[in-house]
Amino acid sequence: TEVNDHGTRRLVMAAAAAGVRRFVYISSVGSYGAPAHAGEVTESFPHVPRNLYELSKDAGEAHVRRVCAAAGMQAVILQPTNVIGRVPGRSAPLLGLVRMVARRRFAWIGHGDPVVNYVGVEDVAAAIVAVAESAVVGTYIVNTPCALADLVGWIASELGIPAPTMRLPLALGRILAGLGGLAQKASGRSMPFNSERLLELTNTTRYVPDALTRDTGYAYPSGIEKVIRDLARAYLREELT
């Protein structure tokens with residue numbers, strides 16, 4: 001809260017006082033507070049933040065819009081989804097999922113068509129440059145959504161194994177998620193399957209990135225398939241699976 005809310009307010013006010021003409025703010029789709037099955041979320045989706053992080057990002061956006069409007073400063077707000085950026089030895093995004101696929105422990109839950117919302121850090125950086133150099137103003141979602149089936153298929157392909165087909169009923173998935181949550185509370189350790197994982201494996205919310213491309217001509221230089229395949233290859237090469 002101190003950084004996302006108060007820090008943003010101080011920064012945009014300092015920019016206005018210094019005579020800055022264009023302000024690019026990196027927010028998050030979390031500011032919408034969209035639940036797991038909200039359908040398609042665009043920039044017109046209502047903001048109903050549900051936790052401290054979402055509230056702080058929404059407050060930061062409000063500061064940017066208010067101060068920039070008062071100062072006559074152009075404002076662009078970028079809202080990335082889940083950013084994938086690997087730092088060897090420090091962060092290993094989606095390693096747990098890759099291991100589940102590699103060890104034949106991945107299972108589909110229910111009979112829906114789940115969606116994942118990820119974007120590579122390189123694509124976010126390129127989007128920042130694109131809007132900084134353009135004349136657009138407003139709010140833009142930054143995302144490269146795909147079907148979970150595609151993402152898991154890319155991982156399996158890079159691992160050289162068949163895509164998983166095991167499927168569990170949604171009711172059983174909920175029971176297992178509840179048990180995982182209880183075990184997590186009792187042990188104080190993260191469990192491989194809990195309510196959060198269940199939502200990830202059944203989510204149907206899709207953050208629509210079309211406005212950014214439409215208004216600026218921006219094309220994601222990496223794209224989600226390359227990002228996922230590169231990760232899987234790296235983990236396989238480094239024997240992390």
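Me: Which residue forms a salt bridge with D230?
Reply: This is a predicted model. In it, the closest N and O atoms of the pair are 2.7 Å apart, and a salt bridge needs them within 4 Å. The partner is K226.

Me: How far apart in helix 9 are D230 and K226?
Reply: Both residues sit in helix 9. About one helical turn separates them, because their spacing in the sequence is 4 residues.

Me: Is D230 buried, partly exposed or exposed?
Reply: Buried means under 20% relative accessible area, and exposed means over 50%. D230 has 29%. K226, its salt-bridge partner, is at 44% and is partly exposed. D230 is likewise classed as partly exposed.

Me: Which residues are linked with D230 in a network of salt bridges?
Reply: The pair D230 and K226 does not stand alone, since both belong to a network of salt bridges. E158 and R233, which form a salt bridge with each other, are in the network too. The residues linked with D230 are E158, E225, K226, R229 and R233.

Me: What is the distance between the closest N and O atoms of E158 and R233?
Reply: E158 and R233 form a salt bridge. The cut-off for such a pair is 4 Å. The closest N and O atoms are apart by 3.3 Å.

Me: Why does the pair E158 and R233 tie together parts that are apart in sequence?
Reply: E158 lies in helix 5, residues 148-159. R233 lies in helix 9, residues 224-237. The pair therefore ties together parts whose separation in sequence is 75 residues.

Me: Is E158 buried or exposed?
Reply: The limit for buried is under 20% relative accessible area. E158 has 17%. R233, at 35%, counts as partly exposed. E158 is buried.

Me: Which residues is E158 in contact with, leaving aside neighbours within four places in sequence?
Reply: E158 has its place in helix 5. One of its contacts is R233, which is also its salt-bridge partner. The full set is R229, A232, R233 and L236.

Me: At roughly what angle do the axes of helix 5 and helix 9 cross?
Reply: The two axes come within 9 Å. The crossing of helix 5 past helix 9 is right-handed. The angle is roughly 40°.

Me: How many residues of the contact of helix 5 with helix 9 are nonpolar?
Reply: Helix 5 brings residues including L151, W154 and I155 to meet helix 9. Among those met in helix 9 are I224, I228 and L236. The contact also has 1 polar and 4 charged residues. The nonpolar residues number 8.

Me: Which residue forms a salt bridge with E2?
Reply: The structure as a whole has 13 salt bridges. In the one with E2, the closest N and O atoms are 3.2 Å apart. E2 is partly exposed at 48% relative accessible area, and its partner is partly exposed at 46%. That partner is R10.

Me: What is the strand order of the open sheet?
Reply: The sheet has 3 strands with parallel pairing. Strand 1 (22-26) and strand 8 (138-142) are the edge strands, each pairing on one side only. The twist from one strand to the next averages 20°. The order is 1-3-8.

Me: Which residue in strand 8 is the bridge partner of L78?
Reply: Strand 3, residues 74-80, runs parallel to strand 8, and 5 bridges join the two. The bridge partner of L78 is Y140.

Definitions and conventions:
Residues numbered from 1 in each chain as written. Predicted model: local features only at pLDDT ≥ 70, side-chain atom pairs only at ≥ 80, totals over all residues. Heavy atoms only, no water. Pairing = 2+ DSSP bridges. Axes fitted to C-alpha atoms, helices over the stretch in contact; angles between N-to-C directions. Salt bridge = Lys/Arg side-chain N within 4 Å of Asp/Glu carboxyl O. Buried < 20%, exposed > 50% of the residue type's maximum accessible area, 1.4 Å probe, protein only. Left-handed = near helix turned anticlockwise from the far one by under 90°. Contact = heavy atoms within 4.5 Å. Nonpolar A, V, L, I, M, F, W, Y, C, P; charged D, E, K, R; others polar.
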